[in-house]
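The following exercises invite the reader to examine a structure step by step. Please attempt each task before reading its solution.

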Amino acid sequence: MNLESNYYDIAVENLNAACSIMKCANDNDAQFKRAGYFVQQSVELAIKYILFENGIDQIRTKTHDLAMLVRMAKEENIDLFLNDFLLQYIYTITEWEEKTRYMIGYYVAQEIVERAIKETYNYLKTIKEKIL
């Protein structure tokens, strides 16, 4: 099994990490940021999994920009099965890849991370039902 076919499993692991972090976050902004990072990674890898399954070359997907990956899928007529929440917050979630780790003072709202976890869980469930 190659790395690309493992992307879905890694996406699940990243989402599980985000859930674990939130369970012990105790109103800690640093933990919300850390969980947000893992949500972003989960969404990114899930999208890349679908792109790879549809024959998109790994080199073309060498980005953390979720909106760019969504545009790529649209250009190739690939249904990513993204739900409304993830589409609405695609730019915010993209920011979590870098800003949650490197930008001092960057704030991630607990409510948004919690909702993103829920919606990413639903997204991975949809992928499992439609593709796996």
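The exercises below treat helices, contacts, salt bridges and backbone angles in turn.

The model is predicted, so that local features need pLDDT of at least 70 and side-chain atom pairs count only at pLDDT 80 or more, while totals for chains, interfaces and linings use all residues. Residues are numbered from 1 along each chain as its sequence is written, and side-chain values use heavy atoms, with hydrogens and water left out.

**Exercise 1. Describe helix α3, from its start to the residue that follows it.**

Solution.

Step 1. Helices are DSSP runs of H or I with at least four residues, numbered from the N terminus. Helix α3 covers residues 66-75.

Step 2. At the start of α3, a side-chain oxygen of D65 comes to within 3.0 Å of the backbone nitrogen of A67.

Step 3. A residue is called buried under 20% relative accessible area, exposed over 50%, and partly exposed in between, using a 1.4 Å probe and protein chains only. In α3 the buried residues are L66, A67, L69, M72 and A73.

Step 4. These buried residues pack against α2 (29-53) and α5 (90-102).

Step 5. After α3 comes N77, which has a positive phi, near 55 degrees.

**Exercise 2. Determine how α2 and α5 are arranged relative to each other, and which residues make the contact.**

Solution.

Step 1. Axes are lines fitted to C-alpha atoms, for helices over the stretch in contact, and angles run from 0 to 180 degrees between N-to-C directions. The axes of α2 and α5 come within 8 Å and cross at roughly 135 degrees.

Step 2. Angles under 35 degrees count as roughly parallel, over 145 as roughly antiparallel, 65 to 115 as roughly perpendicular, and the rest as oblique. The helix α2 is therefore oblique to α5.

Step 3. Contact means heavy atoms within 4.5 Å. On α2 the contact is made by K33, G36, Y37, V39, Q40 and Q41, and on α5 by I93, T94, W96, E97, T100 and R101.

**Exercise 3. Is Q40 buried or exposed, and which residues does Q40 touch?**

Solution.

Step 1. Q40 lies in helix α2. With a relative accessible area of 0%, Q40 is buried.

Step 2. Leaving out residues up to four places away in sequence, Q40 touches H64, L66, I93, T94, W96 and E97.

Step 3. A polar contact is a pair of N or O atoms within 3.5 Å; within protein, one must be able to donate a hydrogen and the other to accept it, and residues adjacent in sequence count only if both atoms are side-chain atoms. The side chains of Q40 and Q41 are joined by a polar contact of 2.7 Å.

Step 4. Another residue of α2, Q31, has a side chain in polar contact with that of R34, at 2.6 Å.

**Exercise 4. How many salt bridges does a search of the whole structure find, and where do the partners of E76 with R60, K99 with E95, and E97 with R101 lie?**

Solution.

Step 1. A salt bridge is a side-chain nitrogen of Lys or Arg within 4 Å of a carboxyl oxygen of Asp or Glu. The search finds 5 salt bridges.

Step 2. One of them joins E76 and R60, with the closest N and O atoms 3.4 Å apart. This pair links distant parts of the chain: E76 is in the loop between α3 and α4 (84-88), and R60 is in the loop between α2 and α3, 16 residues apart. E76 is partly exposed at 38% relative accessibility, and R60 is partly exposed with a relative accessible area of 38%.

Step 3. K99 forms a salt bridge with E95, the closest N and O atoms being 3.6 Å apart. Both residues lie in helix α5, 4 residues apart, about one turn of the helix.

Step 4. E97 and R101 meet in a salt bridge of 2.7 Å, N to O. They are separated by about one helical turn because they are 4 residues apart in helix α5. E97 counts as buried at 11% relative accessibility, whereas R101 is partly exposed at 39%.

**Exercise 5. Where are D27 and N77 found, and what phi does each have?**

Solution.

Step 1. Most residues other than glycine have a negative phi.

Step 2. D27 is not a glycine, yet has a positive phi of about 55 degrees. D27 is found in the loop between α1 (3-23) and α2, and is exposed at 63% relative accessibility.

Step 3. N77, also a residue other than glycine, has a positive phi near 55 degrees. N77 is found in the loop between α3 and α4, and counts as exposed at 72% relative accessibility.

Terms used: Helices (H or I, at least four residues) and strands (E, at least two) are DSSP runs, numbered from the N terminus.
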